[in-house]
Amino acid sequence: MIPRISTLAAAWAALVATAFALDATPSTTEGPYYTFNSGQTLDTSWLVGADNDLTLVTGKTTRASGTRFLLSGTLVNTAGTAISGATIELWQADNGGVYYYNTSAGNNTANRDSNFQSYGTCVTDSSGNWSFRTVHPGLYTGRIRHFHFKVNINGSTVLTSQFMFATDSASFSSDGVASPLVAAGTMSLVTLTVSSGIDSVDNATAEIAAKQIVVNVSTTSSSSGTTTTTGTSGTSTTTTTTTTSSTSSTGTSSGGGGGSPTLWAALALATAVAGRAAVKRKR
Ligand SMILES: [Fe+2]
């Protein structure tokens, strides 16, 4: 019996999809210092839905200490299709290696940079672009430098991972998070190669890196850019749901919080060569 043409076409499409599927960005541990985890005792209300400029805390005029870092990329599924409306969360140590986290976990919060936002969110645009203005993460005992991030689609976290730096490759095998990825052959998917440039918001010298995040989902859009965070504020445990609207490319933040990638993400890599990056100003 000769197979139907539609059956053959479907089989061929499946074969092609498999052959050309992108490798998914590997997941890693969340680590102990996620801003909204159940052990957090600091007030996190001011960080719910925080925007994508971690160098400037709302209401302050002095930017964070440290080397400026423009981090951007695209979010796609394994078929290579852009995912819009997804919320990317980024959290990291400040220039001195301190997280916004309570001291009971061994993190010296008293010494943290109060001008550093420590956590931010960005909602991917229609092309899957995301971006953050931040600082080069500081070093703390037991780890190589890294950014933590989560990808949230339709209110669910579909990926928790970390970006690390090519310049630390000699230490990958001795780092507890990097070494399993090296063994699995996936380390390159979370390794950042940094170039230098200028942040046009204040002409600061900046490090610039772009990376594609690939998630193993079939969806190509998130309806509302919704993130759900659970944590504590003071002594009472709270669960907060933040809804941010999908972003436009006008350079303004979305109304409900969360930064817009605008043209920043799209231009960061392209302009790295030229030495200038287009970034948005914080309102
Ligand atoms: Fe960490």
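Visitor: In which sense do strand β6 and β7 pair?

Guide: Welcome, and please keep in mind that this is a predicted model. Strand β6 covers residues 156-165, and two bridges link it with β7. Where they meet, Phe 165 stands opposite Leu 192 in β7. The sense of the pairing is parallel.

Visitor: Which strands stand at the edges of the open sheet?

Guide: The open sheet has five strands with mixed pairing, in the order β3-β2-β5-β6-β7. An edge strand here has a single partner strand, so one of its sides is left without a neighbour in the sheet. That describes β3 (119-123) and β7 (191-192).

Visitor: Which protein residues are the donors of the iron ion?

Guide: Along the chain, the donors follow the spacing Y-x40-Y-x5-H-x1-H. They lie 1.9 to 2.3 Å from the iron ion. By name, they are Tyr 99 (OH), Tyr 140 (OH), His 146 (NE2) and His 148 (NE2).

Visitor: How many residues apart in sequence are the parts that Tyr 99 and His 146 tie together?

Guide: Tyr 99 lies in the loop between β2 and β3, while His 146 lies in the loop between β4 and β5. Tyr 99 is buried, with a relative accessible area of 2%, and His 146 is buried too, at 2%. The parts that this pair ties together are 47 residues apart in sequence.

Visitor: Is Gly 128 buried or exposed?

Guide: Gly 128 lies in the loop between β3 and β4. Its contacts include Gly 73, Leu 75 and Ile 83. With a relative accessible area of 0%, Gly 128 is buried.

Technical notes: Residues are numbered from 1 along each chain as its sequence is written. This is a predicted model: local features need pLDDT of at least 70, side-chain atom pairs count only at pLDDT 80 or more; totals for chains, interfaces and linings use all residues. Side-chain values use heavy atoms; hydrogens and water are left out. Two strands pair if DSSP finds at least two bridges between them. Helices (H or I, at least four residues) and strands (E, at least two) are DSSP runs, numbered from the N terminus. Buried means under 20% relative accessible area, exposed over 50%, partly exposed in between (1.4 Å probe, protein chains only). Contact means heavy atoms within 4.5 Å. Donors are N, O and S atoms within 2.8 Å of the metal (3.2 Å for Na, K and Ca); water is not among the atoms, so sites may look incomplete. Lists of a residue's contacts leave out its neighbours within four places in sequence.
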